[in-house]
Amino acid sequence: MSTVFSSRERAVLAIVLVTTLMVVIDVSIVVTALPNLARALAFTQAELSWVQSLYTLTFGGFLLVGARAGDLIGRRRMFEIGLGLFCLSSLAIALSQGPMWMISFRAIQGIGGAILAPTSLALMSSTFPDGEARDRAMSIYGSAVGLAASIGLVLGGIFAALLSWRVGFFINLPIGIALFVMVRRTLQDKKIAGTQLDLMGAVLSTLGIGLIVWGIVHAGETSWTDTATDASLVLGAVLFGWFLRHEARTASPILSLRVFSDTTRSASYVARFCFLAAMVAFFFFASEHMQLNYGFSALQAGMGFLPMTVVNFFVALRCASVVRRIGNGRTTFIGVALTLACMVWIALGATQDLSWTVGIGMPLVLAGVGQGLCYGPLTTLGMRNLHPDDVSAASGLINVLGQIGGAVGVGVLTSAMLSLGDGAADFGVTFTGSALFLAIACLASLWLIERRARVTS
């Protein structure tokens, strides 16, 4: 790294990577800890679902506003605000004595994450010059996102079984303090001249995305024909459509529609949305599958993801060199295709009486290779060839796609399992659904290869 990055670039990269690991791990760490958490705080099943759902709701709803706010008042200042909200709410969650206390602060933590995630990605684009340095930095960043999700599943099981679910939230405070010191020493506040607050866009985007996410989450708990679900989805779609129409006309948009002008970027957004819809749903259901059908404890379920986590780590380290040889598009396609192969294997295995090694452990190795290859290139392609004023908008959009994609995956496949499965725990349906999402991501990544071929010829 020292031969490519300057000392300041290395410092910024370290800040962004630690922040990314903290935010993403905190999402997945809850999944394997939910049963222990429910017993400790006497959650009802309905209350327990909101531990994750409300975080997703506020995270997704405030992402575009959080991204744009950095342009208005400075990215360092917004980073510090987001870091403060995230870490202090983490401390409050760790000290929770009841369901409502924890759920309320999970909502605040989601707002902090909605500021940190896009601000971190925008810092990457503004710090690293276009070319090899940025490609390598983006590859490392994107790989860290995929790796963090896997690590969180393992840590959640370890903490819940050997220590306490509270540890996963307590550790954010010392990490946050260290980050605050690093930020003060490294980053400078820089506002974009002429930027104004698009109040109408902020309200429309927050309400539109929030209602869509709520509707999707609610559908997973009830059904897609539920009146509240349908009303939320329709109203959210109308408000978001109004938001896009407004953004096309305003002088200082939160989400400039120029972001979609490049077809390669747009294809990468489709691939990212579908890939995360598949993988977030897979993580959610695979943990439950291992505990219900294989008799695993929370610790064993967390450790069950180790084949993917370990392989993901080593492949991610080599991803940048693979990209230099065959390009971002081909690397993305290979990564998504391998992950699709893993999902088909697991879906078929879920209908058979297979051992964990054959039914889950071995295919997870393929998923580790796939994730390690595609997260970084997808991020690079989504942030490539942007107008300088659109960096924050694109970083917010990339995170929005992840949040809504994950919510769609879990919501759609929960409903599919309940309506199409033979029982409440028919995981073959959900894994097949994840495979279908990955198949669409595969088709989108084929377009990335074609576009690269035209540009370089």
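**View 1. Helices α10 and α14 are oblique to each other.** This is a predicted model. The pair packs at an angle of about 45 degrees, so the angle falls outside the roughly parallel class, which ends at 35 degrees, and short of the roughly perpendicular one, which runs from 65 to 115. The axes of α10 and α14 are 7 Å apart. Their crossing is right-handed. Sorted by class, the contact of α10 with α14 holds 17 nonpolar, 5 polar and 1 charged residues.

**View 2. V410 sits in helix α14.** The helix covers residues 391-420. Which residues does V410 touch, sequence neighbours up to four places away not counted? They are V280, A281, F284 and F285. A second pairing is given by C-alpha atoms: those of V410 and A277 are separated by 7.3 Å. Along the chain, V410 and A277 are 133 residues apart.

**View 3. Helix α10 packs against helix α12.** Helix α10 spans residues 263-293, and helix α12 spans residues 306-349. At what angle do α10 and α12 pack? The value is about 50 degrees, with the axes 11 Å apart. That angle makes α10 oblique to α12. The crossing of α10 past α12 is left-handed, whereas that of α10 and α14 is right-handed. From α10 come F275, M279, F282 and F283; from α12 come M308, V336, T339, M343 and I346. By class, this contact of α10 with α12 has 8 nonpolar residues, 1 polar residue and no charged ones. T339 is the polar residue, because Thr is not among the types that count as nonpolar or charged.

**View 4. Cysteines C342 and C374 are buried.** C342 has a relative accessible area of 0%. C374 also counts as buried, at 0% relative accessibility. Both values fall under the 20% cut-off, so both residues are classed as buried. How many disulfides does a search of the whole structure find? The count is 0. C374 is in no disulfide, and the nearest cysteine sulfur, that of C319, is 8.4 Å away. A disulfide needs the two sulfur atoms within 2.5 Å, so the C374 and C319 pair does not qualify.

**View 5. N172 lies in helix α7.** This helix runs over residues 172-186. Is N172 buried or exposed? N172 is buried, with a relative accessible area of 2%. Neighbours within four places in sequence are left aside here. The contacts of N172 are then M22, D26, F86, C87, S90 and Q109.

**View 6. G74 is placed in the loop between α2 and α3.** Helix α2 covers 45-73, and helix α3 covers 75-94. G74 is buried, with a relative accessible area of 0%. Where does T119 stand relative to G74? In sequence, the two are 45 residues apart. In space, they are 9.8 Å apart, C-alpha to C-alpha.

**View 7. The whole chain has 15 helices and 0 strands.** The chain has 457 residues, and 57% of them count as buried. What share of the contacts between residues at least 6 apart in sequence joins residues at least 24 apart? The share is 83%.

Note on methods:
Residues numbered from 1 in each chain as written. Predicted model: local features only at pLDDT ≥ 70, side-chain atom pairs only at ≥ 80, totals over all residues. Heavy atoms only, no water. Buried < 20%, exposed > 50% of the residue type's maximum accessible area, 1.4 Å probe, protein only. Axes fitted to C-alpha atoms, helices over the stretch in contact; angles between N-to-C directions. Helix = DSSP H or I, 4+ residues; strand = E, 2+ residues; numbered from the N terminus. Parallel < 35°, antiparallel > 145°, perpendicular 65-115°, else oblique. Left-handed = near helix turned anticlockwise from the far one by under 90°. Contact = heavy atoms within 4.5 Å.
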